[in-house]
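Please look at the structure below with its charged side chains in mind, and read the numbered points beside it. They take up the salt bridges one pair after another.

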Amino acid sequence: METNLNPQGASNNNIAKSIELKSIGEVTRKELIERKIIFDAPKKDAVLKVINVQDEIEIKDVTVTSGTILVSGYLNSCIMYTTMKRPPLENSNQEKSSESSNKSDSPGYVNMQNNKNNENNKNNENNKNKEEPKPSCGVVDNNIALDGVVRHTTVWIPFKSFIPAEEAQEGDVCSVTSSAVLDDLKSMSMNSIYEDEDEEEATVSIMRGEEKQKFIKGFINKALIELTVDIKRYAEN
């Protein structure tokens, strides 16, 4: 005859075996993430073109309330773009003329070379208007070559996705079983943000025959993501 020396432990084991996670269902949601990204390239470089954007999803947290699942995380965007050496700006004459004008406004100051400086400034401005920024590499057989380096930047874009789920209840165990960046938006043209002509560090353009190649300071990043969440609940047998 055998005697059970630990009846309480056996009872606890029976309770543990009687509780398990049961699948309630799963929900899928698509979310559009759209952000403005401005490059922080060195001032000596001008951005010509964005050549590649790789997006990945990083899930941070999943919160469940009655009828709603909140998924928060990051869209990690790795962006590669081409640059060239920024053509120099001829601001020295303008700075000198502004300094002279400031001094001439002060009482008791007489500038005998104002007329000469004004004439020189007009000539320099006329020459500046005629001159355009030149490519940093020579022109061969009517082909324009721009020499520069390829840079990259990685941006962590936070997002929150509210997923309606009628079957979800507070206390359920929810997990993201799959996350993907869809290719639906890849065929759309990229919305570039160009430098303004009145910006301090901006250069108007690079001449390409009769066309002008503007410099880029950023773009609108759009990514369509898809999240699938599995819903489970503790239930007794």
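1. Asp172 is a good place to begin, since this residue counts as buried, with a relative accessible area of 8%, and a residue is called buried when that value is under 20%. Please keep in mind that the model is a predicted one.

2. Which residue forms a salt bridge with Asp172? The partner is Arg233, and the closest N and O atoms of the two are 2.8 Å apart. Asp172 sits in the loop between S4 and strand S5 (173-181), whereas Arg233 belongs to strand S9 (residues 216-236), so that the pair links distant parts of the chain, 61 residues apart. Unlike its buried partner, Arg233 is partly exposed, at 23% relative accessibility.

3. The side chains of Arg151 and Asp45 also meet in a salt bridge, with an N to O distance of 2.8 Å. Because Arg151 lies in strand S4 (residues 150-164) and Asp45 in strand S2 (residues 45-65), this pair ties together parts that are 106 residues apart in sequence. Arg151 is partly exposed at 27% relative accessibility, while Asp45 is buried at 8%.

4. A further salt bridge joins the side chains of Arg86 and Glu195, at 3.0 Å from N to O. Arg86 is found in the loop between strand S3 (68-85) and helix H2 (92-105), and Glu195 in the loop between strand S6 (191-194) and strand S7 (206-208), so this contact ties together parts 109 residues apart in sequence. Here Arg86 is buried, with 14% relative accessibility, and Glu195 is buried as well, with 16%.

5. The count of salt bridges comes to four, and the pairs discussed above are among them.

Notes: Residues are numbered from 1 along each chain as its sequence is written. This is a predicted model: local features need pLDDT of at least 70, side-chain atom pairs count only at pLDDT 80 or more; totals for chains, interfaces and linings use all residues. Side-chain values use heavy atoms; hydrogens and water are left out. Helices (H or I, at least four residues) and strands (E, at least two) are DSSP runs, numbered from the N terminus. Buried means under 20% relative accessible area, exposed over 50%, partly exposed in between (1.4 Å probe, protein chains only).
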